[in-house]
Amino acid sequence: MDIFLQQIINGVVLGSMYALVALGYTMVYGIVNLINFAHGEVLMVGAMVSWTVISFLAGSGMPGWAILLLSLPVAIAVCAALNFSIEKIAYRPLRNAPRLAPLITAMGMSLLLQTLAMIIWKPNPKPFPQLLPVEPINLGGPVITVTQLLILLCTGLILALLVYLVNATRLGRAMRATAENPKVAALMGVRPDLVISATFVIGAALAAIAGIMWAANYGTVQHAMGFLPGLKAFTAAVLGGIGNLPGAVVGALLLGLVEAIGAGYLGDLTGGVLGSHYADIFAFAALILVLTLRPSGLLGERVADRA
Amino acid sequence: MMQPMRHRWLAFITAGIGLLLLPLFMQELGAGWVRIVALAMLYVLLALGLNIVVGYAGLLDLGFVAFYAVGAYMYALLASPHLAETFAAIAQHFPQGLHTPIWMVIPLGAALAAVFGVLLGIPVLKLRGDYLAIVTLGFGEIIRVFLNNLEHPVNITNGPRGLDRIDPMAVWGVSLGKPLLLGDYRISSVTLYYWLFLALVVLSVVICHRLEHSRVGRAWMAIREDEIAAKAMGIHTRDMKLLAFALGASFGGVAGAMFAAFQGFVSPESFTLMESIMLVAMVVLGGIGHLPGVILGAVMLAALPEVLRYVAGDIQNLTGGRIDAAILRQLLIALAMIGIMLLRPSGLWPSPERRAATPGAARA
Amino acid sequence: MSFLRVEAVSKRFGGLQALSEVNLSIEAGQIYGLIGPNGAGKTTLFNVITGLYTADGGRFELAGRSYKPTSVHQVALAGIARTFQNIRLFAEMSALDNVRVGCHIRSKVGAWGAVLRSRSFREEEASIIARARSLLAYVGIERYADQRARTLSYGDQRRLEIARALATEPRLLALDEPAAGMNASEKRVLRELIERIRHDGRTVLLIEHDVKLVAHLCDRITVLDYGRCIAEGSPEEVQRDPAVIEAYLGTGHRG
């Protein structure tokens, strides 16, 4: 039972990180109907920048948590600028091009970012220093580390902020309007370019934070670290219903739980035939199942179908 | 079309002779060069197959390498000692070991890959472009993970170690694994493989061209242009899409079997997502749906890594060892994908109708 | 005996009842009009009849045999061809190729024949080309045969769509606002074309907004409003029907 509860905790933590990235995917898709293939790489850049800042400040004598905190705005700023530029340079010119074009560009962007990261930071994985207390908190059976706790708290806080942003601010209204009907929104005075850029920037900030969380939780960073989480987060977004913000969170939590529990029990369930290395393809299997059986996702799509 | 038929035939024959003699010249420059063009031919084969799915039917397949892997592993299992060494029952039945002749391999590889193509096609039939891309990508990854892990409880694929000691191909009794001696003249084994691949490429080009200019090809293009209108005209879009997947996959399967024989060794590392992406890049950058463009794209991207090897030596020194040939190749492919989509979205050598048709993509 | 009969067709989209208990009965060889204010459900009815949407309820009968319009391509095989309100041509293909695609369901050579270039393939291709050219001539755009469909003028694109639909050898041709965006002389040409189509043995179902065109062309008309039939009859009867006048012009215009 303890193991099960432990996996639940792990699953929720994993799901929280996926949720932050999934939100970025779903917001962008809701507004411009584009899967930003490079989004997972933004997570990676956030982690790498944070690692660079931390390495830089390592000998400064500041307390660990302060260094970590300081790296946050730097990573967010870099990622926001990055995503903003990507949208402006690679996606905006292709808004009216045939569907295949932005898809290819997005894939190229993803590849470019990975390769540049490989060049800048060299291909070998680097340890991400443990800046928070390592001693896990005992919950009477299962344990939770300070890092994991912070991840849950931060995610909760960010989600609350996002809800406020989307529902109670002018920008949020503009985003929702543009997602529903860009032409009419434009007629009402909303500047679509601005809204789209804002969406990319917000998504990047979320991904950057998720990147730092990921690095702190798993203790290592590398140029290819964004690919799988990105893909899984996208699966979560589709699972919940692409374009649907609460859906992205629900999908992400579900996926995180399935992955954690599955990885733990897969070996037992299949009598040793399938080991835990197959956990990675859970996300894909889940994606295929969802898209085959309920393409609009669990909570339903918010994007008008192009019939 | 525009030129008189006679000119076209002349051009084809000249090109044909040139292609046939090419390796004999390159042999003098070094065996490495012949290997490059032989592998380029395999990539052309793959690109032609992917072109059926992406170019004709408009279905973005990001996991095409899965069919390549299926063909390669199929041949590896049917033509190497692995199965006989792992399963006593097989060793009993085949005391000489498992060897499969080429006239069985080609149809088997094509058929097996086609089956996988249909298996992939069925769940994705109703998916829109972006979703289709992700699911096919997932399919490719699923295959790779299985290849990497199917070593317990029964060792089928030998996991990350891969399968080796694969038989070379033999055509009409002549083994392609050894050099051929014509009197005093020595033709290297790689050249022999090149000719086999070239023959397959020519056959594939003919097949693709004939399909393109037929009722089937038109139906695919109708689906690509507007699926609903295609349905309204009575086209059975489900079957046509499955046909595209199956045919495209079959090309991949045959290419895979050839690859396994050529290398003598297969491992999951040869069948990564990067390969699938590169194949899509070949088709799209070359000129989607246009056979000459696709061939151009394949040859360029296949030859690129090797050409870079000569250039990269200097760059490596310049950047203190950070950029090597593999990284440079990835960088250039990424930049090419972005650049060409922004500047010339219909590809480097698009079909004549498309070039004029594509709206100016780089409108600021 | 009616050629196309739909009875009690209903369709709901979430909170909107797009069609309720709609009946339609078309005799063979008629030109039948479907009119009504915007949003009345005309295109929805088209989509239901041709299988693009699935009705929530209702019966469908073509030439006395009932059919279930759930599969778009089956409907085409059964003999109903349509055009679209927003013109859905295969934009990058030539006009000739567009019509050749229309010939698809009445031909049969598959991939094998294509690859082997068998005799039946060559014969079939030749007959397809011939048919396609003659259909382009029939609608009057044969000189644009090799041009990309999207380079054609609006009116010519509409005619191409009709030619493509005719290529499927339909018994019922369903046209969704074929005259939209046309000027007076183009409309006259269109009217002649539709009458020629009827004369050559087909039944035509027509959605249109141009009252004059509908009055001159159609034998009978059904009027829809808010998803319901509010009138049915000859053009004269319908034009005088008070419910129709109210639907188009609002109350206060009666009499």
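Which residue is the bridge partner of C:Leu34 in strand 8 of chain C? The partner is C:Ile207, and this report sets that pair in its surroundings.

The model is predicted: local features need pLDDT of at least 70, side-chain atom pairs count only at pLDDT 80 or more, and totals for chains, interfaces and linings use all residues. Residues are numbered from 1 along each chain as its sequence is written, while chains are lettered from A and ligands numbered from 1 in the order in which they are written.

## The sheet of chain C

Helices (H or I, at least four residues) and strands (E, at least two) are DSSP runs, numbered from the N terminus. Two strands pair if DSSP finds at least two bridges between them. Strands of a sheet pair through backbone hydrogen bonds, either parallel or antiparallel.

In chain C, six strands build an open sheet with mixed pairing, in the order 6-7-8-3-9-10. Its edges are strand 6 (80–82) and strand 10 (228–233) of chain C, each of which pairs on one side only. On average, neighbouring strands of this sheet are turned by 20° against each other, direction ignored. For such angles, axes are lines fitted to C-alpha atoms, for helices over the stretch in contact, and the angles run from 0 to 180 degrees between N-to-C directions.

Strand 3 (residues 31–35) of chain C runs parallel to strand 8 (residues 203–207) of chain C, and four bridges join the two. Strand 3 of chain C also pairs in the parallel sense with strand 9 (residues 220–225) of chain C, again over four bridges. The table lists residues of strand 3 of chain C with the residues that they face.

| Residue in strand 3 of chain C | Facing residue | Strand of the facing residue |
|---|---|---|
| C:Ile31 | C:Val204 | strand 8 of chain C |
| C:Leu34 | C:Ile207 | strand 8 of chain C |
| C:Ile35 | C:Val223 | strand 9 of chain C |

Is strand 3 of chain C mostly covered or mostly uncovered? Strand 3 of chain C is mostly covered, with five of its five residues buried. A residue is buried if 20 or more other C-beta atoms lie within 10 Å of its own, exposed if 12 or fewer, and partly exposed in between, with C-beta atoms placed from the backbone. C:Ile31, C:Gly33 and C:Ile35 point one way from the strand, whereas C:Tyr32 and C:Leu34 point the other way, and all are buried.

Helices also lie against these strands. Two residues are in contact if their C-beta atoms, placed from the backbone, lie within 7 Å. Helix 1 (residues 42–49) of chain C lies across strand 3, strand 6, strand 7 (172–176), strand 8 and strand 9 of chain C, and runs at about 145° to strand 7 of chain C. Helix 10 (residues 242–249) of chain C packs on the sheet, where it touches strand 9 and strand 10 of chain C, and its direction makes about 130° with that of strand 10 of chain C.

## A buried helix in chain A

Helix 9 (residues 227–240) of chain A has 14 residues, which at 1.5 Å a residue should span 20 Å; its end C-alpha atoms are 20 Å apart, which agrees. The expected span is 1.5 Å times one less than the number of residues in the helix. Twelve of the 14 residues of helix 9 of chain A are buried, so this helix is largely enclosed by the rest of the structure. Among them are A:Leu231, A:Phe234 and A:Val238. Just after helix 9 of chain A, A:Gly241 takes a positive phi of about 110°.

## Chain B

The secondary structure of chain B consists of 15 helices and four strands. The radius of gyration of chain B is 21 Å, close to the 21 Å that the globule rule gives for 364 residues, so chain B is as compact as a globular protein of that length. This radius is taken over C-alpha atoms, and the globule rule is 2.2 Å times the number of residues to the power 0.38. Buried residues make up 51% of the 364 residues in chain B.

## Contacts between chains

Of the two pairs of chains that touch, chains A and B have the most contacts. Here 36 residues of chain A are in contact with 37 residues of chain B. Helix 4 (100–121) and helix 11 (282–293) of chain A each give two or more residues to the side of chain A that touches chain B. Helix 4 of chain A gives the most, with 13 residues. Chain A and chain C do not touch, and their nearest C-alpha atoms are 10 Å apart.
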